[in-house]
Structures are given as C-alpha cells and as structure tokens.
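Below is a briefing on how strands and helices are arranged in one protein chain. Please keep the sequence and the 3D view at hand while reading.

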Amino acid sequence: MKLFMRIRDVRATTVTVPLHAPLRHANGCHWGRFVRTIVEVETDNGLIGLGEMGGGGESAEAVFRSMKSYLVGHDPARLEEMRFLIANPTASLYNNRTQVLAALEFACLDILGQAWGVPVCDILGGRLRDTVPFASYCFFRYADPRNGDGEVRTIEQMLAFARASKEQFGFTTHKLKGGVFHPDYELEVYRALAGALPDDSFRFDPNGVWSTEQAIRFGQAIQGVRNDYLEDPVFGLNGMRRVRHMVNIPLATNTVVVNFEQLAANVLDTAVDVILLDTTFWGGIRACVKAAAVCETFQLGVAVHSSGELGIQLATMLHLGAVLPNLSFAADAHYHHLTDDIIEGGLMAYEGGAIRVPDGPGLGVRLNREKLREYSELYQRLGGYPYDQDPGRPGWTPIVPNDRWADPEDDRAVVIPF
C-alpha cells in the first residue's frame, strides 16, 4: 500500500434518516428524522475516508465542494496544517468552519487508519476500553405521524419508554431532555423516573432555557436523586457559576464550553464541572482529545456529547471514548431513536448499555451505497425541517429564559410531512 498519499476528491451527500418518533426539545423539534451530510474524501491511491456533519442541503454540499480547492493535492496525514488551512482562528471570525473541519478530519483519520491497517483509536494513542457505555436519551415525543405510535408526553409514557429502553439496550444511566414543559411538570417526571429505576443514575438537560433562579430551585429540588449531573440549566458561564454556588450537584455543558478559550475561562473561574465533548462542535476527534487532557490536568469531568449522529459520527464518538482515561460518565447518543443507518450492517448493536469500539482499520465503518442512495432520495423528496420550530405550535418562538411552555394536557396529533 502506498503510504504517501494526496487527496484527489471531496464529495458530500445529504441524507435524511427516519426516527421512531419526533423528538421534542427546548428550541423546537426533530421532525421525525435527522438530516446529515455524509462526506467522502478520496485519495490518489483509491482510499475513501468518511465524515459526517449535522444539517445538509445545497448550502452544506456547496461548502464541501469549495473545500476541493483547499484540499486537492494535500497530504491527509498533515492534519494540523489542515486545521489552519480550513479553520484558521482569525479567518474563522468571518467564516466559521469548525464543523466542516471536523467532518474532513474524520475522513482523513479514516484514510490514515486504512492506509496503516489500524483503527483510529490506535492513531490517537491506543484504546483503554473495548466498549463505551451510553446513557438512554429520554425525550418528550410527538406520536409518529405515519402510524400514531411513540408519543411520550405523560409521566406514565415516559416511564414506559425508559423501562423499554433499559430492557432492550441495557441502559443503567438515563438522560431526560427537558425544557419543553413547565419546570414543575418536568420535575415530577424526573422524580418519577428516578423513583421507578432506583438502582440507576440520572441526568437532566433543559438546554439552557431556564432563568438562573428557576435553575437553582429545580436543582435544589432534585438533590436527593442519584444525579450524574445537571446539564445546561442556564445559558452562559456566569449563570452556570451562580447555579453551581447554590446547587449541590455537578453541572455539565455542551453549550457554554465548546472551545479552548471557554475551557480556559472555566478553568480559571470554574462554572462547569463536566465538559461534554462533541467531535463536531470542537472541530474533530483530535481537538476533543486535547480538551480532555486539559480537563484531566484540572480535574474536570468528561463525557461524550451527542448531536444527532448516524453511524459515521457514532464511530468517531466510540474511538474518542476508547482513548480517554478520564471518561467519567456514560456517553450520550441519539442513536437508539433511529430506525436505520447508512453504514454496512445497519445500526450498531448495544450490548449491556454499551457499544463496541470498531476493530477494523480507520473508523471501522463503511457506507452502504444503497442506503445512501435511498436516504438521499428521501431528503430530496422531503427537504429539511426547521429544528428551531415546533410542528405542534405554529408561530411559537422560544425565548431565553423561556416562559412559553408547551401544555402536557395537549394531546392533539401533529401534521408532519413524510
């Protein structure tokens, strides 16, 4: 195998993959599917590396087409130079390409692993674990518009969903995504969930839409729960710092510490105890490894964040989780909400609440070309969806701090094109 390679081509394809049901969150909804951009980087010796980014459509595909002028002829092993080539920090003030860089880094690492015959985790220092544990991801959900199944709105429905997820996948950690209904109602749901599964651990995430005072009230009310952490109760480092002073629960974030400047500020004046590292938000797997090393030095907790992955990005999360000595908590994943995947073999399997780190060279996953075509055609038929709008509340706009809560008694079916 020729080890000195040059990038020959960059391709991007937008897909949309169905979910079991629409997922509600503080800013709107995932409308029954995820939209993702699948990236392929090809070298002059025929290797193809895979990347993935959230969102898609012509604008995303055009960005990756424009990257050809930056990358064709570039050595995929020169990742640090590629970082500055694509996302120079001063240039990024005008054109933020962090997530674009991440998708391309995934693909280049995949290429290197294939060329050298080793998994990506070996390139990153070698695996410390063969499986990565995951938390369940309990959402309030609209019923699937195709069949009317899958609604999660009441306490009973949430408990049934969590129990079924635990039985099917083996989860022992449960994350409840809040910020949809009034905090008092979500407090009832969270307490009921913890009471129903007393041997498990829990985490709550309202996506930063509470006032600081509301966050303190909620945090103090759940101190008797076996909490991993309270995630992003408010938006902003100073608000998190105020909550941390008043609540005896670790705080976590994937919104207010997502780069090294913010990490430095948090180290100097701690507002967040657990940093949720996202391989896309931070600009790649390597950036997350660097950030985890800083957290290790300053004794901050680390977990792996989920931003709505298909199998390619899930593989990056697994290789990241494999090499982190200070992976303090189960990782997040939306993955079990998907009905299918675009990789060979279909959806990766959970074993006792964990997923095995791929053993094959590179990321260890390959595209199922038929599935890529099928879900590309589905995207072309359906188009995108407004992540920050709620199909059940036309005209609704969330504010921060929010006081425009959904009504848990509202059981009307939503109309979502599919």
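**The antiparallel sheet and its surroundings**

Strand 1 and strand 4 (residues 33-43) are paired in the antiparallel sense, with 11 bridges between them. The model is predicted. Two open sheets are described here: one has 3 strands with antiparallel pairing, and the other has 7 strands with parallel pairing.

**Strand order and edges of the antiparallel sheet**

- The 3 strands of this open sheet follow the order 1-4-5.
- Strand 1 (7-18) and strand 5 (48-54) are the edge strands; each has a single partner strand, so one side of each is left without a neighbour in the sheet.
- Ignoring direction, neighbouring strands of this sheet are turned by 25 degrees against each other on average.

**Pairing around strand 4**

- Between strand 1 and strand 4, Ala 12 stands opposite Val 39 in strand 4, and Thr 13 has Ile 38 in strand 4 as its bridge partner.
- Strand 4 also runs antiparallel to strand 5, and 7 bridges join the two.
- In that second pairing, Val 41 stands opposite Gly 49 in strand 5.
- Strand 4 and strand 5 form a hairpin with 4 residues between them. In its turn, Gly 46 has a positive phi of about 90 degrees.

**Burial of strand 4**

- Of the 11 residues of strand 4, 11 are buried, and the strand is described as mostly covered.
- In a regular strand, side chains alternate between the two faces of the sheet.
- Arg 33, Val 35, Thr 37, Val 39, Val 41 and Thr 43 point one way from strand 4, and all are buried.
- Phe 34, Arg 36, Ile 38, Glu 40 and Glu 42 point the other way from strand 4, and these are buried too.

**Helices across the antiparallel sheet**

- Helix 4 lies across strand 1, strand 4 and strand 5, and runs at about 155 degrees to strand 5.
- Helix 12 (residues 311-323) lies across strand 4 and strand 5, and its angle to strand 5 is about 95 degrees.

**Helix 3 against helix 4**

- The axes of helix 3 (residues 79-87) and helix 4 (residues 98-116) come within 11 Å and cross at roughly 160 degrees.
- Angles over 145 degrees count as roughly antiparallel, and helix 3 and helix 4 are therefore roughly antiparallel to each other.
- Their crossing, that of helix 3 and helix 4, is right-handed.
- From helix 3, Leu 79, Met 82, Arg 83, Ile 86 and Ala 87 take part in the contact. They meet Leu 101, Leu 104, Glu 105, Cys 108, Leu 109 and Leu 112 in helix 4.
- The residues of this contact divide into 9 nonpolar, no polar and 2 charged.

**The parallel sheet**

- The 7 strands of this open sheet follow the order 7-8-9-10-11-12-13.
- Strand 7 (136-139) and strand 13 (301-304) stand at its edges; each has a single partner strand, so one side of each is left without a neighbour in the sheet.
- From one strand to the next, the twist averages 25 degrees.
- Strand 12 (residues 274-277) pairs with strand 13 in the parallel sense over 4 bridges, and Leu 277 stands opposite Val 304 in strand 13.
- Helix 11 (residues 285-297) packs on the sheet and touches strand 12 and strand 13. The direction of helix 11 makes about 170 degrees with that of strand 12.

Key
Residues numbered from 1 in each chain as written. Predicted model: local features only at pLDDT ≥ 70, side-chain atom pairs only at ≥ 80, totals over all residues. Heavy atoms only, no water. Pairing = 2+ DSSP bridges. Axes fitted to C-alpha atoms, helices over the stretch in contact; angles between N-to-C directions. Contact = heavy atoms within 4.5 Å. Parallel < 35°, antiparallel > 145°, perpendicular 65-115°, else oblique. Left-handed = near helix turned anticlockwise from the far one by under 90°. Nonpolar A, V, L, I, M, F, W, Y, C, P; charged D, E, K, R; others polar. Buried < 20%, exposed > 50% of the residue type's maximum accessible area, 1.4 Å probe, protein only.
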